[in-house]
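Student: Hi! Could you walk me through this model before I head back to the bench?

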Amino acid sequence: MTRDVMEQMNAFAEIVKHIDYAHIPFQPADISAADCDAAAMHADGTAFGWLRQQYGLDVSRTLVKLKNVPDTSYSVQWYDPGPVN
């Protein structure tokens, strides 16, 4: 575990600390994004996930597709935890 990775994990922990994992039945979401690794979870109109571009390129304009997630409006917040060395 490097210092950079630990700093990213701490940054992500700050973002997700208000999600009630114990009482919301999250399920894996079917997510895809061109030229990125993507993962997401969803439940009851709430979803969270992350994208990672192999070369550290900006993903803020990346088209993200979620399948089998309820039709509703989602607010998207982007957060860049910083570079990985």
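**A chat about the model**

Tutor: Happy to! Let's start at Glu-14, which is partly exposed at a relative accessible area of 49%. Buried would be under 20% and exposed over 50%, with partly exposed in between (1.4 Å probe, protein chains only). This is a predicted model, where local features need pLDDT of at least 70 and side-chain atom pairs count only at pLDDT 80 or more, while totals for chains, interfaces and linings use all residues. Residues are numbered from 1 along each chain as its sequence is written, and side-chain values use heavy atoms, leaving out hydrogens and water.

Student: Got it. Which residue forms a salt bridge with Glu-14?

Tutor: That's Lys-17, and the closest N and O atoms of the two are 2.9 Å apart. The rule here asks for a side-chain nitrogen of Lys or Arg within 4 Å of a carboxyl oxygen of Asp or Glu. In general, side chains of opposite charge can pair when their charged atoms come close.

Student: How many salt bridges does the structure hold?

Tutor: Two. Besides the Lys-17 one, Asp-37 and Arg-52 meet through their side chains, at 2.4 Å from N to O. That pair links distant parts of the chain: Asp-37 sits in strand β3 (residues 37–43) and Arg-52 in strand β4 (residues 46–52), 15 residues apart. Strands here are DSSP runs of E with at least two residues, helices are runs of H or I with at least four, and both are numbered from the N terminus.

Student: And is Arg-52 buried or exposed?

Tutor: Arg-52 counts as exposed, at 55% relative accessibility. Its partner Asp-37 is partly exposed at 42%.

Student: Let me zoom out. In what order do the elements run from the N terminus?

Tutor: The order is α-β-β-β-β-β, so to speak a tally of one helix and five strands. The C-alpha trace spans about 35 × 30 × 20 Å along its principal axes. Of the chain's 85 residues, 20% count as buried.

Student: What about charges? How many positive and negative side chains does the chain have?

Tutor: There are 6 positive and 11 negative side chains, and the centres of the two sets lie 4 Å apart. Lys and Arg count as positive, Asp and Glu as negative, and His and the chain ends are left out. Each charge is placed at NZ of Lys, CZ of Arg, CG of Asp or CD of Glu.

Student: Switching to rings: how many aromatic pairs does the count come to?

Tutor: Four. Rings of Phe, Tyr and Trp (its six-membered ring) pair if their centres lie within 6.5 Å; planes under 30 degrees apart are stacked, over 60 edge-to-face, and the rest tilted. One of the pairs joins Tyr-21 and Phe-26, tilted, with 6.1 Å centre to centre and 50 degrees between the planes. Phe-26 also pairs edge-to-face with Phe-48, at 5.2 Å and 85 degrees. Phe-26 lies in the loop between α1 (3–16) and β1 (27–28) and Phe-48 in strand β4, so this pair ties together parts 22 residues apart in sequence.

Student: Which residues do the ring pairs link into a cluster?

Tutor: Tyr-21, Phe-26, Phe-48 and Trp-50. Among them, Phe-26 is buried with a relative accessible area of 14%, and Phe-48 is buried at 15%. Tyr-21 is partly exposed at 41%.

Student: Now His-42. Where is it found, and what is it in contact with?

Tutor: His-42 is in strand β3, and it is buried, with a relative accessible area of 14%. Leaving aside neighbours within four places in sequence, His-42 has contacts (heavy atoms within 4.5 Å) that include Pro-25, Phe-26, Ala-47 and Val-69. So Phe-26 turns up again, this time as a contact of His-42.

Student: One last thing: which loop does Asp-35 lie in?

Tutor: Asp-35 lies in the loop between β2 (30–33) and β3. Its phi is positive, about 60 degrees, although Asp-35 is not a glycine. Asp-35 is exposed, with a relative accessible area of 67%.

Student: And Gly-56?

Tutor: Gly-56 is in the loop between β4 and β5 (64–67) and counts as exposed at 65% relative accessibility. The C-alpha atoms of Gly-56 and Cys-36 are separated by 9.8 Å, with the two residues 20 apart along the chain.
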